[in-house]
Amino acid sequence: MSETESPKLDFIREIIAEDLASGKHATTITRFPPEPNGYLHIGHAKAICLNFGIAQENAASGARCHLRFDDTNPEKEDVEYVESIKEDVKWLGFDWGDDLYFASDYFEFFYEAAVALIEKGLAYVDRQTPEQIRENRGNLQTPGIESPSRTASVGENLELFAKMRAGGFQEGEAVLRAKIDMASPNMVMRDPVIYRVLHAKHHNTGTSWSIYPMYDFAHPLEDAKEHVTHSLCTLEFEIHRPFYEWVIENCPVPAKPRQIEFSRLNLNYTVMSKRKLLTLVKEGHVDGWDDPRMPTLSGLRRRGYPAAAIRSFCKGLGITKFKGTTDIALLEHEVRGHLNEVAPRRMAVLDPLKLVITNYEESRSEEIVLPNHPGKPEMGDRSVALTRELWIERDDFMEDPPKKFFRLGPERYVRLRGGYIVKCTGFEKDADGNVTEVQCEYLPGTIGSDAPEGVKCKAVIHWVSATHGKAAEVRLYDRLFSVEDPDAVEAGFTSVLNPDSLETIEAWVEPALAETEPENVFQFERTGYFVADRVDHAVGEKLVFNRTVALRDSWSGKNG
């Protein structure tokens, strides 16, 4: 779907439109609330595009989207993740303006809300062990067992909660629980824990707190504190919505947001769990969070996926409550379509074979003018040097070609891209029988002209001057997993890593590519789309290109 095409009103946008039309809300405030315990991935992109997109669409009414870090778990969070998330959101094309928030800035507000619940008799400090609490929750067939602490007085609970805050308990010795219904058919409502003791240093508040709120308690309070109107969550939070509403109803809050759930983005041939992505990084299966095989936004960026293509992909998915898995080929198709329009063309030989034009003088060189994009003359032209010795792709020559092979073979003709028609007159082989050189003769006067009468030339091949070309490291990336659903594999998701997900080769490229900046993307003619690596590529020094996507979907499922 084109970015300029107006999105159809999905069920969430219909709700928002109705709320604005009825006067329920004068404006719309959404939020994107990542926990800074890992890098963002393509699944987060859907939520980012939805929340920030709604704010953009309703900008006339003053709508905005907050970027809020849900940093309530100091054991797993890090400033590195905070900075990476901000960079990824900006790269994706969105701006939170002045609306950057941290849940940790609301710790006192959370504490006061918990005290208010205790004073209403709706929360109590439980001294049971974590194992006892878990066992006494019951199950879907059996109601839970009330804690002996459930009937303690308000005064006693206030005193114990203050002691928790003061660091008077060790981890696991006491928790604060909401007092709701231990027989509720919704397990979430069986007196959920809302505060736990945790003696850990927080990236924002240091060691000033010894207790931290649970996500289910903090989440609605954060939304209310920021006057969020529509709290958009993925479907796994649907079962948590009754508690969300309970917190809003029973705590002293300045606003009453509405939680609405939608289906999350799942892709085949990948995993989306931050825990599993962290495992891939820590166990060295990939080269960091931004490895181009990773589904992280930083990984996709490094692979050369344009932000605009990701936004268009997310828009095309739509917003529903349907649980399903999207074929990753659809994302690749969106990327391929976008790059076909914007990527300049260049020649690069990935599996080089020497071609010598025997009737072309050794000292001779001439400039061949080629369009940067055959369909976009406004992108201009470039010149490449044609010389006696060239590099061509090894598979563009066959010693004994079949009838329908139209490229080079003995006594066969082919056109060099933008240059002459050449005829193969011979070839050389090494002791192992491998072709090491192809000899050709060029046909004068055939640049820009049809083949002479009697000459059958049905193919065009790309080439790079052996004299002027530049050596480059090219990384051929493929899907990280060899099966569609790595999460379902009994032996574990790491057992089905694709051993061919990365092949590094030495290639020859046009001289102009030596001067390109990191993150510039090109179509290597007849091969695919490639990006100058944003980490390792150094202009004029070390040339490194990553394959973004092939010209067409070549995945055969041979490993699946």
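These legends walk through several views of one predicted model.

**Figure 1. The whole chain, with its 12 helices and 25 strands.** Before zooming in, here is the overall frame. The C-alpha trace spans about 100 × 55 × 40 Å along its principal axes. The radius of gyration of the chain is 31 Å, whereas a compact globule of 560 residues would have one near 24 Å. Buried residues account for 53% of the 560 residues in the chain. Of the contacts between residues at least 6 apart in sequence, 71% join residues at least 24 apart.

**Figure 2. Helix H1 packed against helix H2.** Here H1 covers residues 11-22 and H2 covers residues 42-57. The two helices meet at an angle of about 35 degrees, and their axes are 12 Å apart. The crossing of H1 past H2 is right-handed. On the H1 side, the residues that make the contact are Ile12, Arg13 and Ile16. From H2 come Leu50, Gly53, Ile54 and Glu57. Sorted by class, this contact holds four nonpolar residues, one polar residue and two charged residues. As for H2 itself, 14 of its 16 residues are buried, so the helix is mostly covered. H2 reaches 22 Å from its first C-alpha to its last, close to the 22 Å expected at 1.5 Å a residue.

**Figure 3. Ile16, a buried residue of helix H1.** Let us stay with H1 and look at one of the residues that make the contact with H2. Ile16 has a relative accessible area of 2%, which means that this residue counts as buried. Which residues does Ile16 touch, leaving aside its neighbours within four places in sequence? They are Thr28, Ile54, Asn58 and His230. Ile54 also belongs to the H2 side of the helix contact in the previous view. To give a sense of distance across the model, the C-alpha atoms of Ile16 and Lys179 are separated by 33 Å. These two residues are 163 residues apart along the chain.

**Figure 4. Helix H4, a mostly covered helix.** H4 runs over residues 107-119. From its first C-alpha to its last, this helix of 13 residues reaches 18 Å, close to the 18 Å expected at 1.5 Å a residue. How many residues of H4 are buried? The count is 10 of its 13 residues. Among them are the aromatic side chains to look for in this view: Phe107, Phe109, Phe110 and Tyr111. The buried set also includes Ala113, Ala114, Val115, Ala116, Leu117 and Ile118. Just after H4 comes Gly121, with a positive phi of about 75 degrees.

**Figure 5. Two loop residues with positive phi, Asp191 and His227.** Most residues other than glycine have a negative phi. Asp191 has a phi near 45 degrees, a positive value in a residue other than glycine. The loop that holds Asp191 links strand E5 (175-178) and strand E6 (193-197). With a relative accessible area of 1%, Asp191 is buried. His227, likewise not a glycine, has a positive phi of about 60 degrees. His227 sits in the loop between helix H7 (215-225) and strand E8 (230-234). Is His227 buried or partly exposed? Its relative accessibility is 40%, so His227 counts as partly exposed.

**Figure 6. Asn268, buried in a loop.** This loop lies between strand E9 (258-262) and helix H9 (274-282). Asn268 counts as buried because its relative accessibility is 6%, and the cut-off is under 20%. Not counting residues up to four places away in sequence, Asn268 touches Thr325, Thr326, Asp327 and Ile328. Glu484 is also among its contacts.

**Figure 7. Ala459, in the loop between strands E18 and E19.** The strands on either side are E18 (435-443) and E19 (460-461). Ala459 has a relative accessible area of 12%, so this residue is buried. Leaving aside neighbours within four places in sequence, its contacts are with Phe406, Arg407, Val414 and Arg415. For a longer reach across the model, take Gln56: this residue and Ala459 lie 49 Å apart in space, C-alpha to C-alpha. In sequence, the two are 403 residues apart.

Notes:
Residues are numbered from 1 along each chain as its sequence is written. This is a predicted model: local features need pLDDT of at least 70, side-chain atom pairs count only at pLDDT 80 or more; totals for chains, interfaces and linings use all residues. Side-chain values use heavy atoms; hydrogens and water are left out. Axes are lines fitted to C-alpha atoms, for helices over the stretch in contact, and angles run from 0 to 180 degrees between N-to-C directions. Helices (H or I, at least four residues) and strands (E, at least two) are DSSP runs, numbered from the N terminus. A crossing is left-handed if the near helix is turned anticlockwise from the far one by less than a right angle, and right-handed if clockwise. Contact means heavy atoms within 4.5 Å. Ala, Val, Leu, Ile, Met, Phe, Trp, Tyr, Cys and Pro count as nonpolar, Asp, Glu, Lys and Arg as charged, and the others, Gly among them, as polar. The expected span of a helix is 1.5 Å times one less than its number of residues. Buried means under 20% relative accessible area, exposed over 50%, partly exposed in between (1.4 Å probe, protein chains only). The radius of gyration is taken over C-alpha atoms; the globule rule is 2.2 Å times the number of residues to the power 0.38.
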